[in-house]
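I opened this entry to keep track of what I looked up in the structure, and in what order. My notes follow the display below.

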Amino acid sequence: MIDVSLLGWLLVTLTSPLSLVLLIVALGSVAYIGVTALGAAPPQRGARAVGTGAAACALAAGMIGLRVGAGAGAAVPTAAVGIAAAAALGATAACAWTFGARGAAALGAARARRSAAALRAGDERRRLLAASQRAYVEGDDLAAETSAADAAVERLRAAVEALADARGALEARRDAARGGGAGEDGDGGEHGARGGHRPEASALAEDLARACDEAALKVSMGQRVLAAAEAAALRVACNAPLRRLLRRRPREALQALAALGAGAIAPAAASIEAFLGEVRAARAEVAEVAERRAPAAGGAIGSGAEESPAAAALGELAAMESAYGALLDRLRLSALHASTRASVEQVESAAGALSAAARAAAVDPAALEALVTEIARAESAVAAAAPDAGGSRALAEALAAGSLALDRSDATSLSELIAALRELR
């Protein structure tokens with residue numbers, strides 16, 4: 001029995017020396033397979049260092065704590081098992097590092113591809129959404145509706161014209177049948193007595209008359225339907241500019257005006273002015289559509305303008321232009337008030353700064369009093385050094401004048417005081 005232990009912990013018990021040899025061979029096989037796999041795989045940075053470090057650590061641990069068998073003969077199998085285990089562990093660590101790094105790189109590449117695909121899908125959705133919003137604002141669907149209505153009217157007109165042609169053909173055949181019957185009646189009694197086709201001709205004439213009446217009824221109904229369809233197409237064409245303007249109204253500017261206040265007056269005024277230009281263009285478009293389609297639809301703007309779709313659309317556009325025009329005038333007036341208020345604030349600020357500067361530049365009475373006191377002391381010292389009978393009285397008068405000047409904050413009196421004091425010397 002051969003015990004294999006590491007740091008005193010029993011790992012495995014081998015039953016025979018052959019089992020020990022098989023263990024060494026197995027560890028060597030693991031090392032060989034790892035080295036072969038590393039040679040077949042693309043080189044990975046750091047794999048050799050990881051494998052070498054793991055093998056060195058395993059070899060050091062085996063030399064310190066690995067024991068295979070017991071007694072003096074345990075050194076050789078211990079060294080063999082330690083070297084084989086170190087090689088196997090180093091190869092395994094290098095393989096794990098290499099293939100782990102490759103797996104991580106593959107996962108990262110797959111994640112990057114998914115992220116790129118998601119970004120492309122997001123960009124495509126945003127592009128489609130932006131295109132849809134642009135088409136909605138520009139009224140592409142309204143133009144499509146107008147084109148579809150015109151196409152339907154054209155198809156209906158072609159069908160009505162085909163019915164009218166069929167009715168004309170039936171009427172021509174009916175008239176021909178009636179003319180033939182009249183000729184047979186005018187030939188005389190002999191032909192009338194031998195005329196065996198008269199009942200069949202009469203039945204054919206009745207069928208043709210009935211068919212002509214039905215065709216006339218269908219044509220009349222088709223013409224009424226065509227007139228209604230043309231009126232509906234005119235209504236769609238006249239309402240399209242109004243519906244497009246309702247989508248393009250400057251709601252963002254008005255919301256910003258309500259939220260931001262005076263700071264959004266100028267942008268809102270610019271947006272409303274641009275929108276008013278679109279309203280005028282829409283009015284011209286509706287007038288042009290009404291002028292082009294009204295004769296075909298059986299009506300005009302001049303007669304019955306209250307009931308016509310063009311007149312209704314023009315009335316809505318006029319009301320919209322009036323409302324937004326009034327709002328634009330009020331915004332301009334508010335902008336003028338804001339500008340005036342800003343100018344007044346600038347004037348008040350300038351006046352306040354000037355007042356503060358004037359207050360800062362005013363002469364301090366305490367400083368003037370200190371100056372007079374210093375001059376009086378100096379002159380007293382001079383008078384004591386060179387006494388003069390008339391100088392005392394002049395000095396007293398000068399001091400009295402200086403005190404009066406300080407009470408009135410009069411700079412001219414102060415200058416006179418200083419001049420008087422100088423005359424005393």
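**Salt bridges between helices**

I began with a pair of charged side chains: Arg 332 forms a salt bridge with Glu 273, and their closest N and O atoms are 3.5 Å apart. Because Arg 332 lies in helix 9 (residues 309-361) and Glu 273 in helix 8, the pair ties together parts that are 59 residues apart in sequence. I noted that the model is a predicted one, and that every value here is computed from it.

I then asked how far each partner is open to solvent: Arg 332 has a relative accessibility of 40% and counts as partly exposed, and Glu 273, at 44%, counts as partly exposed as well.

Next I looked up which residue pairs with Arg 248 in a salt bridge. The partner is Glu 278, with the closest N and O atoms 2.8 Å apart. Arg 248 lies in helix 6 (residues 198-248) and Glu 278 in helix 8 (residues 265-297), so this pair ties together parts that are 30 residues apart in sequence. Arg 248 is partly exposed, with a relative accessible area of 26%, and Glu 278 is partly exposed at 27%. I also recorded that Arg 248 and Glu 278 are linked with Glu 138 in a network of salt bridges.

**A salt bridge within one helix**

I turned to Glu 154, which forms a salt bridge with Arg 157, the closest N and O atoms being 2.8 Å apart. Where do Glu 154 and Arg 157 sit with respect to each other? They are three residues apart in helix 4 (residues 140-185), which means that about one helical turn separates them. Glu 154 counts as partly exposed, at 47% relative accessibility. A search of the whole structure finds 17 salt bridges, among them the pairs I have written down here.

**The sheet and the helix across it**

I moved on to the strands and found three of them forming an open sheet in the order 2-1-3, with antiparallel pairing. Strand 2 (9-14) and strand 3 (66-68) are the edge strands, each pairing on one side only. On average, neighbouring strands of this sheet are turned by 15° against each other, direction ignored. I checked strand 1 (residues 2-6) against strand 3, and three bridges join these antiparallel strands; Val 4 has Val 68 in strand 3 as its bridge partner. Helix 2 (residues 47-65) lies across strand 1 and strand 3, and runs at about 60° to strand 3.

**A nonpolar patch**

Which residues make the nonpolar surface patch of about 980 Å²? I listed Leu 6, Leu 7, Trp 9, Leu 11, Val 12, Leu 59, Met 63, Ile 64 and Ile 83. Strand 2 and helix 2 each supply at least two residues of this patch. I picked out Ile 64, which lies in helix 2, and asked whether Ile 64 is buried or exposed. With a relative accessible area of 63%, Ile 64 is exposed, because exposed here means over 50%.

**Whole-protein totals**

I closed with the overall figures, starting from the 12 helices and three strands of the protein. Buried residues make up 25% of its 425 residues. Of the contacts with a separation of 6 or more, 78% are accounted for by residues 24 or more positions apart. The accessible surface comes to about 26800 Å², and 63% of that surface belongs to carbon and sulfur atoms.

Terms used. Residues numbered from 1 in each chain as written. Predicted model: local features only at pLDDT ≥ 70, side-chain atom pairs only at ≥ 80, totals over all residues. Heavy atoms only, no water. Pairing = 2+ DSSP bridges. Helix = DSSP H or I, 4+ residues; strand = E, 2+ residues; numbered from the N terminus. Axes fitted to C-alpha atoms, helices over the stretch in contact; angles between N-to-C directions. Contact = heavy atoms within 4.5 Å. Patch = residues over 30% accessible without salt bridge, like charges linked within 9 Å, V, L, I, M, F, W, Y side chains within 5 Å. Areas by Shrake-Rupley, 256 points an atom, 1.4 Å probe, with all protein chains shown as cover. Salt bridge = Lys/Arg side-chain N within 4 Å of Asp/Glu carboxyl O. Buried < 20%, exposed > 50% of the residue type's maximum accessible area, 1.4 Å probe, protein only.
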